[in-house]
Amino acid sequence: MALSRIASSSHASTLLKPLSAALSIRRLISSDSTVPLTIETSLPFISHKCDAPPRAVDTSASELFSFFRDMATMRRMEIAADSLYKAKLIRGFCHLYDGQEAVAIGMEAAITKKDAIITAYRDHCTFIGRGGTLLEVFGELMGRICGGSKGKGGSMHFYRKQTNFFGGHGIVGAQIPLGCGLAFAQRYSKEENVTFTLYGDGAANQGQLFEALNMAALWDLPAILVCENNHYGMGTAEWRAAKNPAYYKRGDYVPGLKVDGMDVLAVKQACKFAKENALKNGPLILEMDTYRYHGHSMSDPGSTYRTRDEISGVRQERDPIERVRKLLLAHDIASEKELKDIEKQVRKDVDDAIAKAKVKNKKYIVQSAIPCDRRTWLTILFFTFIFFSIRK
Amino acid sequence: MATLFQGLPSSTAFSSSNKFNHAPAPTSFSGTWNNERKSSIVTVRSDARWSPVLNSATHKPQRLITNAVATKADSSLASTSSKPGHELLLFEALREGLEEEMERDPCVCVMGEDVGHYGGSYKVTKGLATKFGDLRVLDTPIAENSFTGMGIGAAMTGLRPIIEGMNMGFLLLAFNQISNNCGMLHYTSGGQFKIPAVIRGPGGVGRQLGAEHSQRLESYFQSIPGIQMVACSTPYNAKGLMKAAIRSENPVILFEHVLLYNLKDRIPDEEYVLSLEEAEMVRPGEHVTILTYSRMRYHVMQAAKTLVNKGYDPEVIDIRSLKPFDLHTIGKSVKKTHRVLIVEECMRTGGIGASLTAAITENFNDDLDAPIVCLSSQDVPTPYAGTLEEWTVVQPAQIVTAVEQLCQ
């Protein structure tokens, strides 16, 4: 299948590249161009009881560029969270998403903010994808009032009502029936929206998944169940926990699709396909073949049940950000330097957000101790002082 | 004394903007359990160690009335207004409340096993599926964990589901959803999501239903932060509490009782909603405060007749609100009578009575002339055999004996 439209002129552009870089001549495609590009996914989709979507994905330069920027932000955020945890500023549980960014970003590209997303505890990036800010993430992780849940939830409890992000759940698999309920509400109010219920390969063995699938299929609920298969349920490999690790097939009567979860365009295509399908035919399962670089959580080194070679191998061959970087460079949408600048900017944004979140919010302390605002309190103090000094 | 007591809205009429302080009065459960008891009172309490002396004392020549479910309208129990209304059975009152709320608000829906076409295993939802459709009165598969979760997820978006457990005991399978999601999502989301769901169903000891179908879930659910619990006992309060629970922005668990569904009484024709946090004064009195709820109310009223004949004047309060306790009404009563007897159907260990005893001791210790006596069911699985089952639950004769001992 033909790659981008500019394939024929790529030869010319390669010659012009150093010249254009030096002279800052406008490129064939600028990074904010919305001119459609068609790019093929690196792997085909594998389907179960449905027709697989085409491998050619419609995208644009600006979309690819935004993919890079957003994924870089997520990656940087997770790495920073790692450092904060080791510095004991984040406590309790902290489950990091680096390596899996393509799933969050690809999904957002295919849907609207009216569609609902619900996920488990590896939710920092999903929250960002749904419009959360870096300040809200770091605030929440460090237990500050500026956090997304006012510091009351923690790492596993990010929510964003205005963009239909329903969390953020600590108990494995418990979000699946909730997701079914979201889809039920969508069907009840006859909205043309869908619910993406994300769960992991560990949760795929929960009974409530099958109960929810049964109900969703019974009532044709617009629910899309997405199994983020990173191949390890904490420390247990998928083949040690599941008799049948083909999670996209386990819905039996529910159609399924296996997707390369490290390819953001494949994820986008699959989610777009799923949304169209769910509105017409009811639930389906998407299995995203993805990988997490960190351990299950910060208390898990991640190397006792898998080899370091495996981790670095995936990082070299399948890293989602590197893929997009290569695409951007190959299609001449951005230069190496520009991409490095973005990464620098992202680093700065993350550091700024952390610095802002670290500031202890004094207002919170005053409010909880004294039942009035600071000005009133100071006024009372002032007059009390005057009163006692006059008395003397 | 009552340093932590927070005044709860009890005497004000129900208002639609009744805000639930989602950090309910911590007085209910904080504080230590008072283990010091006078030995003379201990023997009265229903517990696994059943002394033979007590047995013979209660096996009086007269026939023990164990079936204390009122089968005819008893005017002394009527807590309704004296206005002419219409007569109906308790399950019909629940249905009436449900139907009125479903008509009033299209977001109200019901889900549960056999609630739709079958009409409900206790006929509470009979006819509603025909009227409102299969989506609004949803027959679910037998999957308590997931349909409860589904209801909670729907509630997060603004729907107001009423989740029915065919028997409260089955909701043990949904405990995770009820505790972690229903109870806590409002808090963990920093207030973003409200869960206006109602979880209801029959519980309690029935007529030889066996151990698994005779459970008292209020014991287990009472610790869940973020939920409210109410128990209905008459057609009047059943309808009022059902409506209040549906209108509440908080998750409410409404406990019904298997043996009370066929209670007949007169209720007002005009619309009324009761307060979820109020206790009901069943019979004012002077000598002793008897706190009870659900089916035990009838055992208490039976005992009250005997007590009145013997010259005692018990004050009977149906606490109705199991979480939070209406410490305002209870406190007023304790300050008047200075003696408290709690009669409950929960097990001895960790039941509503246990928490109520702690709450009263903590708040009104100075007003008590005698230690609180709590009559509960025995800490055993409910036997199938009828005679054994009778003895695991508190009987009117035991209540009479307890009051006599307390008022010495």
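This is a tour of selected helix contacts, backbone features and cavities in a predicted model.

**Chain A: helices α2 and α3**

Start by selecting residues 61-86 of chain A, helix α2, together with residues 101-110 of chain A, helix α3. The two axes come within 10 Å and cross at roughly 140 degrees. That makes α2(A) oblique to α3(A). The crossing of α2(A) past α3(A) is right-handed.

Now show the side chains at the contact. From α2(A), display Glu63(A), Phe67(A), Asp70(A), Met71(A), Met74(A) and Arg75(A). In α3(A), these residues meet Glu101(A), Ala102(A), Ala104(A), Ile105(A) and Ala109(A). Coloured by class, the contact of α2(A) with α3(A) has seven nonpolar and four charged residues, and no polar ones.

**Chain A: a cis peptide**

Next, select Gly167(A) and Gly168(A) and look at the bond that joins them. The peptide bond from Gly167(A) to Gly168(A) is cis, and its omega is near 10 degrees. Gly168(A) sits in the loop between α5 (134-141) and α6 of chain A.

**Chain A: helices α6 and α7**

Follow that loop to helix α6, residues 175-188 of chain A, and add helix α7, residues 207-218 of chain A. Here the axes come within 8 Å, with a crossing angle of roughly 15 degrees. α6(A) and α7(A) are therefore roughly parallel to each other, and their crossing is left-handed.

Which residues of α6(A) meet α7(A)? They are Ile176(A), Pro177(A) and Cys180(A). On the α7(A) side, select Gln208(A), Leu209(A), Ala212(A), Met215(A) and Ala216(A). The contact of α6(A) with α7(A) comprises seven nonpolar residues, one polar residue and no charged residue.

**Chain A: His231**

Move to His231(A), in the loop between β6 (223-229) and β7 (232-233) of chain A. Check the backbone: phi of His231(A) is near 75 degrees, which is positive although the residue is not glycine.

**Chain B: the largest cavity**

Turn to the empty space inside the model. How many cavities of 30 Å³ or more does a search of the whole structure find? The search finds seven. The largest cavity has a volume of about 90 Å³.

To find the largest cavity, select Glu218(B), Glu256(B), His257(B), Tyr293(B) and Ser294(B), which lie nearest its centre among the 13 lining residues. Then highlight strand β7, residues 252-257 of chain B: this strand gives the most to the lining of the largest cavity, with three residues. By class, the lining is made up of four nonpolar, four polar and five charged residues.

**Chain B: a second cis peptide**

Select Lys323(B) and Pro324(B). The peptide bond from Lys323(B) to Pro324(B) is cis, with omega near 0 degrees. Pro324(B) belongs to the loop between β12 (321-323) and α11 of chain B.

**Chain B: helices α11 and α12**

Continue along the chain to helix α11, residues 327-337 of chain B, and select helix α12, residues 352-364 of chain B, with it. The two helices pack at an angle of about 65 degrees, and their axes are 11 Å apart. The crossing of α11(B) and α12(B) is right-handed.

For the last selection, show Leu327(B), Ile330(B), Gly331(B), Val334(B) and Lys335(B) in α11(B). Their partners in α12(B) are Leu356(B), Ala359(B), Ile360(B), Asn363(B) and Phe364(B). The contact of α11(B) with α12(B) divides into seven nonpolar residues, two polar and one charged.

Terms used:
Residues are numbered from 1 along each chain as its sequence is written. Chains are lettered from A and ligands numbered from 1 in the order in which they are written. This is a predicted model: local features need pLDDT of at least 70, side-chain atom pairs count only at pLDDT 80 or more; totals for chains, interfaces and linings use all residues. Side-chain values use heavy atoms; hydrogens and water are left out. Axes are lines fitted to C-alpha atoms, for helices over the stretch in contact, and angles run from 0 to 180 degrees between N-to-C directions. Helices (H or I, at least four residues) and strands (E, at least two) are DSSP runs, numbered from the N terminus. Angles under 35 degrees count as roughly parallel, over 145 as roughly antiparallel, 65 to 115 as roughly perpendicular and the rest as oblique. A crossing is left-handed if the near helix is turned anticlockwise from the far one by less than a right angle, and right-handed if clockwise. Contact means heavy atoms within 4.5 Å. Ala, Val, Leu, Ile, Met, Phe, Trp, Tyr, Cys and Pro count as nonpolar, Asp, Glu, Lys and Arg as charged, and the others, Gly among them, as polar. On a 1 Å grid over the protein atoms alone, a cavity is a set of points where a 1.4 Å probe fits but cannot get out, and a pocket is an open set with protein on both sides within 12 Å along at least five of seven lines; lining residues have an atom within 4 Å of a point. Grid points are joined across faces, edges and corners, and a volume is the space filled by probe spheres set on the points.
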